[in-house]
Amino acid sequence: MGIAATKSLGASSGMMAQLASMLGTAIPGIDEASSFAQMMSLVQKMPYSVVVFDTAPTGHTLRLLHMPEVLSTGITKLLSLKSGLFGQLGAMLGLSEEADILGGLEQLKGTIETISAQFKDPDTTTFVCVCIAEFLSLYETERLVQELTKMSLDTHNIIVNQLVNPSDCELCSARSAIQGKYLGQMMDLYEDFHLIRLPLLPREVRGPENIKQFSEMLVAPVPFARPAAAAAAAPK
C-alpha cells in the first residue's frame with residue numbers, strides 16, 4: 001500500500017517508542033503502533049512518490065488495521081485515570097512534569113488518528129490483495145476484502161499469482177484445470193475489481209532486472225486459457 005508522508009509522525013515516533021517500551025502489553029497493539037510510527041518516520045525521508053508495504057498474512061494484517069481504534073480507546077482510558085498515575089509514568093520516562101506525560105499521550109493519540117485517516121484516504125492509501133487460485137486463498141481474500149470494506153479502506157486490485165497454462169504436461173494441465181475453477185469464481189465475485197493474473201515462473205524473482213521484468217506483467221496482460229474451458233478439464 002502506498003502512504004504519503006505526514007509531518008507530525010516523525011516528531012511523535014520517539015514518544016511512541018518510549019511509551020511502547022514502558023507500557024509493554026498493557027495496551028493491545030502498542031508494539032504494532034510503535035513499529036508503524038517508526039516506519040512512517042523513515043518514509044518521510046525517502047525520495048519516492050509511492051511506498052509499498054508487504055504486509056503479513058490476513059490475520060496479522062487485520063490486527064494491524066484495527067490497531068488505531070484499539071489504541072485510541074486505550075489512551076482515552078489512560079487519560080481519564082487519576083493524576084497520581086501520571087506522576088509515576090513521568091518518573092519512569094524521565095519526564096519532570098505531569099503535563100509532559102499528558103501531552104505525550106495526547107500527541108500519541110493524534111498520531112494514531114493521523115494514521116487512521118491515512119488508511120481511510122483513497123488518494124493516499126490502497127490495499128492490493130495477493131492470492132493464488134485455490135480454495136483457502138480465495139476464502140482468505142474474501143475475508144480480507146469484506147473487512148477492508150467494513151473499515152472504509154480502499155481496495156480494488158487483486159493479484160492472482162502462480163497461474164499455470166494447460167500444456168502437454170499432464171500435471172500442468174491438471175493444475176490449470178483446478179486453478180481455472182477458482183479463477184472463474186474470482187472473476188464472478190470480483191467483477192468490479194481489477195483482477196491481475198500472473199504466471200507461475202520457473203525461477204525466483206530476485207535482483208533488480210528480474211523484479212523489473214516481473215513488474216511489467218502487472219500492467220501488461222498475460223495470456224491464459226479461459227477459466228471455463230480449463231475448469232471443464234478438471235478431474236472429479
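Modeller: Before you ask anything, here is one bit of vocabulary: helices (H or I, at least four residues) and strands (E, at least two) are DSSP runs, numbered from the N terminus. Also keep in mind that this is a predicted model.

Colleague: Got it. In what order do the elements of the protein run from the N terminus on?

Modeller: Start with the inventory: the secondary structure comes to 9 helices and 3 strands. Now write α for a helix and β for a strand. Read from the N terminus, the order is α-α-α-α-α-β-α-β-α-β-α-α.

Colleague: And what percentage of the residues in the protein is buried?

Modeller: To count as buried, a residue needs a relative accessible area under 20%. The protein has 236 residues, and the buried share of them is 40%.

Colleague: What share of the accessible surface belongs to carbon and sulfur atoms?

Modeller: The whole accessible surface of the protein is about 13700 Å². Of that, carbon and sulfur atoms hold 56%.

Colleague: Let's look at a helix. How far apart are the end C-alpha atoms of helix H7?

Modeller: Helix H7 covers residues 170-189, which is 20 residues. At 1.5 Å a residue, H7 should span 28 Å. The distance in the model agrees with that: 29 Å.

Colleague: Is Lys181 of H7 buried, partly exposed or exposed?

Modeller: Several residues of H7 are buried, among them Gly180 and Tyr182. Lys181 lies in H7 too, but its relative accessible area is 42%. Buried stops at 20% and exposed begins over 50%, so Lys181 is partly exposed.

Colleague: H6 and H7 come together somewhere, right? How are H6 and H7 arranged, roughly parallel or roughly antiparallel?

Modeller: Two packed helices are described by the angle between their axes and the distance between the axes. For H6 (residues 135-150) and H7, the axes come within 10 Å and cross at roughly 15 degrees. Angles under 35 degrees fall in one class, so H6 and H7 are roughly parallel.

Colleague: Which residues of H7 make the contact with H6?

Modeller: The crossing of H6 and H7 is right-handed. On the H6 side, the contact is made by Phe135, Leu138 and Glu142. Facing them from H7 are Tyr182, Gln185, Met186 and Leu189.

Colleague: Next up, Ala133. Is Ala133 buried or exposed?

Modeller: Ala133 lies in the loop between strand E1 (128-132) and H6. Leaving out residues up to four places away in sequence, Ala133 touches Val160, Asn161, Leu163, Gln179, Tyr182, Leu183 and Met186. The relative accessible area of Ala133 is 1%, so Ala133 is buried.

Colleague: How far apart in space are Ala133 and Lys181, C-alpha to C-alpha?

Modeller: Along the sequence, Ala133 and Lys181 are 48 residues apart. Another partner to check is Val160, which is 27 residues from Ala133 in sequence and 6.5 Å away, C-alpha to C-alpha. For Ala133 and Lys181, the C-alpha to C-alpha distance is 8.2 Å.

Colleague: What is the separation of the C-alpha atoms of Asn161 and Pro199?

Modeller: Asn161 sits in strand E2 and is buried, at 18% relative accessible area. Beyond residues up to four places away in sequence, Asn161 touches Cys131, Ile132, Ala133, Leu198, Pro199 and Phe214. Pro199 is 38 residues from Asn161 along the chain, and their C-alpha atoms are separated by 6.2 Å.

Colleague: What is the positive phi of Gln162?

Modeller: Gln162 is also placed in strand E2, and at 40% relative accessibility Gln162 counts as partly exposed. Ser152, in the loop between H6 and E2, is not a glycine, yet has a positive phi of about 60 degrees. Gln162 is not a glycine either, and its phi is about 65 degrees.

Colleague: Which residues is His156 in contact with, leaving aside its neighbours within four places in sequence?

Modeller: His156 lies in the loop between H6 and E2. At 37% relative accessibility, His156 counts as partly exposed. With those neighbours left aside, His156 is in contact with Thr126, Phe127, Phe193 and His194.

Colleague: Last one! Which residues is Thr61 in contact with, leaving aside its neighbours within four places in sequence?

Modeller: Thr61 is found in helix H3 (residues 58-79). With a relative accessible area of 5%, Thr61 is buried. Leaving those neighbours aside, Thr61 is in contact with Thr55 and Ala56.

Key: Residues are numbered from 1 along each chain as its sequence is written. This is a predicted model: local features need pLDDT of at least 70, side-chain atom pairs count only at pLDDT 80 or more; totals for chains, interfaces and linings use all residues. Side-chain values use heavy atoms; hydrogens and water are left out. Buried means under 20% relative accessible area, exposed over 50%, partly exposed in between (1.4 Å probe, protein chains only). Accessible areas come from the Shrake-Rupley method with a 1.4 Å probe; for residues, only the protein chains shown count as cover. The expected span of a helix is 1.5 Å times one less than its number of residues. Axes are lines fitted to C-alpha atoms, for helices over the stretch in contact, and angles run from 0 to 180 degrees between N-to-C directions. Angles under 35 degrees count as roughly parallel, over 145 as roughly antiparallel, 65 to 115 as roughly perpendicular and the rest as oblique. A crossing is left-handed if the near helix is turned anticlockwise from the far one by less than a right angle, and right-handed if clockwise. Contact means heavy atoms within 4.5 Å.
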